[in-house]
Amino acid sequence: MSRSKREKPTYIIISRDQQHLAGLLNTSLFKKPNRINVGSDPHLPQYTIHENNQRFLPAIFDESENGVKAGGCARYYRQPKSTLHFMPSFKKIIVGAAFVAVSGIIAVVLWRYGPWLNSSTEPTSDGNVSSKNLFTNSTCQTCCNGLESNCDLPVNQVLFPAVHNAHSSYEDNFIGASNNLPFEEALIAGYRAIQLTSCACEGGVLLSNYLLEQDEEWGLADSNLGFCNSYCGKGVRDPKEVLTTIKSFLDSNRREVMIIYFSVEEDSLNDLRIALQHSGLEKFVYRPNEKYVDWPTMQSLIESDTRLLLFANGEASVSGDNLAEFFVMNHYETNKINWPSESNARELNSFSVLQKRLHGCKGRKLPSIIAVDFWDVGDVVEFVMEENKRRGGIESTLDQDFGFNMTKVEKSGNVRG
């Protein structure tokens, strides 16, 4: 039975006793009802709809919709098609949603920045990062990055395996990290290029004081410089820790050549330069005399102990103009929500997929750097070793698939991928 807009509904409230009803009617739930008829039945359990024993508030029924006579107090009745609707107000919905959101934020902050947060490296008594466990497994005293055949090649003709967003790992408590494990372990595993994104941490002094060392001796006392992905709240590595670790690796491994290429976000360039100047890395950096150069061989870089090539976007580049004559092959793929994907990396980092991708470069410029996410999965280092054997003119499992054995790679052009 439908009612007009002006018709006032009648309610019947059935409860165990009148005393309970009196208290119930004073609550905001029944504030200013149109008309209420009450009844009691001592045989009905309070808070129970008798017919199906669903524990609920006392039954409230609209007379016009359910056909129950006003004033009646039936022990047996027909339950309405739609049960009671105590819909929360809009205000309650907003408050509830806000509570859930704030609770989630607090949980993330506690997880991300709690006292259990550990660094990937161990500082020594003098404040420097220990070189413990930063030695490679190579026992070859005449090799360049693991192979003797690399030594006579110009550095841009050697393939460098690279860690994309090397600062970002789940072990370092990043949210939506690009890697499972920190870059320190990647260096030990054989990666010789890392990509770092410098940023100015949000949140001003308060957040920076908590997240960053801000070493005064490094000129970073008032700095909010970090290595992060857009926001330090998603994760950040301290610049002193990162750069000192790289120096320790170069100190410990005299036959290794490294590449760092920076993505410099707004407002971080000046502090990044200051950090590099104080890091002790300057003595290792190769500085060409001209803007475009014929790159030196790996052996000459090792002999002169200028075993670090620094590149960056914009004015921050040190070793060359925007990776001049270095072709970077970005070999990673995000998932549907644009987060780094380990499942994609498992496929992309496999030997067969890497081989197929590089085979597509036949007759064109070959990459100098191949950058991957989730460096610890797949066969990247093994593939790079075989490719560098081929480039150095020694027997490789890739010779047969490429159909030729290169004794010298054609000089790459000024291309960036």
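**Entry 1: the largest nonpolar core.** I began with the largest nonpolar core of this predicted model. The core has 43 residues, and those touching the most other members are Ile 194, Ile 246, Met 258, Ile 260, Phe 262 and Leu 308. I then looked up which element gives the most to this core, and found helix α6, residues 239–252, with 5 residues.

**Entry 2: Met 258.** I listed the contacts of Met 258, setting aside neighbours within four places in sequence. Met 258 is in contact with Ile 194, Ile 246 and Leu 308, which also stand with Met 258 among the core residues that touch the most other members. Its further contacts are Leu 187, Phe 249, Leu 250 and Leu 309, together with two arginines, Arg 192 and Arg 307.

**Entry 3: a second core.** I noted a second core, separate from the one above, with 22 residues. Among them are Leu 153, Val 155, Phe 160 and Ala 193.

**Entry 4: Ser 169.** I located Ser 169 in the loop between β6 (160–163) and α4 (183–189). Is Ser 169 buried or exposed? Its relative accessible area is 0%; because buried means under 20%, Ser 169 counts as buried. Leaving out residues up to four places away in sequence, I recorded that Ser 169 touches Phe 174, Ala 177, Asn 179, Asn 180, Leu 181 and Pro 182.

**Entry 5: a surface patch.** I turned next to the surface, where Tyr 170, Ile 337 and Trp 339 form a nonpolar patch. Together these residues have about 320 Å² of accessible area. I placed Ile 337 in the loop between β12 (328–330) and α9 (342–348). The relative accessibility of Ile 337 is 61%; since exposed means over 50%, Ile 337 counts as exposed.

**Entry 6: helix α10.** Which residues of helix α10, residues 351–359, are buried? I found Leu 354, Gln 355 and Leu 358. Seen down the axis of α10, the buried residues fall within an arc of 100°, and therefore they line one face of the helix.

**Entry 7: the protein as a whole.** I closed with the overall values. The protein has 12 helices and 13 strands. It comprises 417 residues, of which 47% count as buried. Its accessible surface comes to about 22,000 Å², and 51% of that belongs to carbon and sulfur atoms. I also looked up the contacts between residues at least 6 apart in sequence: 74% of them join residues at least 24 apart.

Terms used:
Residues are numbered from 1 along each chain as its sequence is written. This is a predicted model: local features need pLDDT of at least 70, side-chain atom pairs count only at pLDDT 80 or more; totals for chains, interfaces and linings use all residues. Side-chain values use heavy atoms; hydrogens and water are left out. A nonpolar core is a set of buried Ala, Val, Leu, Ile, Met, Phe, Trp, Tyr and Cys residues joined through side-chain atoms within 4.5 Å. Buried means under 20% relative accessible area, exposed over 50%, partly exposed in between (1.4 Å probe, protein chains only). Helices (H or I, at least four residues) and strands (E, at least two) are DSSP runs, numbered from the N terminus. Contact means heavy atoms within 4.5 Å. Patches are made of residues with over 30% relative accessible area and no salt bridge: like charges are joined within 9 Å, nonpolar side chains (Val, Leu, Ile, Met, Phe, Trp, Tyr) within 5 Å. Accessible areas come from the Shrake-Rupley method with a 1.4 Å probe; for residues, only the protein chains shown count as cover. A salt bridge is a side-chain nitrogen of Lys or Arg within 4 Å of a carboxyl oxygen of Asp or Glu. The arc is that of the directions from the helix axis to the C-beta atoms.
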